[in-house]
Amino acid sequence: MLASTSMPSFARHVFVCINERAADHPRGCCKAKGGGEVRDALKKALKARGLDDRIRANNAGCLDQCEQGITVVVYPEQVWYGHVTEADIPELVERHLVKGELVERLLLPDQPHLRGTTRVEPLPEKADRKSVV
């Protein structure tokens, strides 16, 4: 019988575009705009707050919002943010990822699925993980 390990279970997944294109591409790319640094700042902020076991920061390829600066998408809510910088990470972590408050100044337009909401479920309290046998 194989040893059982539990599959990680995250309350939220945050995708940060780090797509790279040629320097002369007319749409630009998030990597050149600092996407990797934004992702690294997010990972560091999550770890510093002890949230990295409940919120996963992920690399993303092109999210097709190139003109919107560095794009970040939060799931399961499917909330899209644009023009995100390293300086925005503490606010994004505290307000959206922990408290469930959308950071309206960074929201990309045309998100009808949000239906005008400014809040989502806050991060659930940390629960003990148990192995499944």
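Helices and strands here are DSSP runs, with at least four residues for a helix and at least two for a strand, numbered from the N terminus. On that basis this predicted model has two helices and four strands. Going along the sequence, they come in the pattern β-α-β-β-β-α.

**Overall picture**

The C-alpha trace spans about 55 × 35 × 25 Å along its principal axes. Of the 133 residues, 39% are buried. The accessible surface comes to about 8,200 Å², and carbon and sulfur atoms account for 52% of that. If you take contacts between residues at least 6 apart in sequence, 62% of them join residues at least 24 apart.

**Strand pairing**

Two antiparallel pairings both involve β3, and here is how they look:

| Strand pair | Direction | Bridges | Citation |
|---|---|---|---|
| β1 and β3 | antiparallel | four | |
| β3 and β4 | antiparallel | three | |

V73 in β3 is a handy residue to click on. F15 stands opposite V73, and V73 in turn stands opposite W80 in β4. β3 and β4 make a hairpin with three residues between them, and Q78 in that turn has a positive phi of about 60°.

**The cores**

The largest nonpolar core holds 27 residues, and L42, L46, Y81, I89, V93 and L97 touch the most other members. The elements giving two or more residues to this core are β1 (12-17), α1 (35-48), β2 (55-60), β3 (72-75), β4 (79-81) and α2 (89-98). Apart from it there is another core, of seven residues, including C17, C30, A60 and V73. As a general point, nonpolar side chains in soluble globular proteins tend to be buried together.

**A closer look at α2**

Which residues of α2 are buried? They are I89, L92, V93, H96, L97 and V98. Seen down the helix axis, these buried residues fall within an arc of 155°, so they line one face of α2. The general background is that an α-helix has 3.6 residues a turn, so residues three or four places apart point the same way.

What does that set of buried residues pack against? The partners are β1, α1, β2, β3 and β4. V93 is a good example to zoom in on: setting aside neighbours within four places in sequence, V93 is in contact with L42, A45, L46, R49, L51 and V98. Two of those partners, L42 and L46, also turn up among the residues that touch the most other members of the largest core. After α2 comes G100, whose phi is positive, near 80°.

Notes:
Residues are numbered from 1 along each chain as its sequence is written. This is a predicted model: local features need pLDDT of at least 70, side-chain atom pairs count only at pLDDT 80 or more; totals for chains, interfaces and linings use all residues. Side-chain values use heavy atoms; hydrogens and water are left out. A nonpolar core is a set of buried Ala, Val, Leu, Ile, Met, Phe, Trp, Tyr and Cys residues joined through side-chain atoms within 4.5 Å. Buried means under 20% relative accessible area, exposed over 50%, partly exposed in between (1.4 Å probe, protein chains only). Contact means heavy atoms within 4.5 Å. Two strands pair if DSSP finds at least two bridges between them. The arc is that of the directions from the helix axis to the C-beta atoms. Accessible areas come from the Shrake-Rupley method with a 1.4 Å probe; for residues, only the protein chains shown count as cover.
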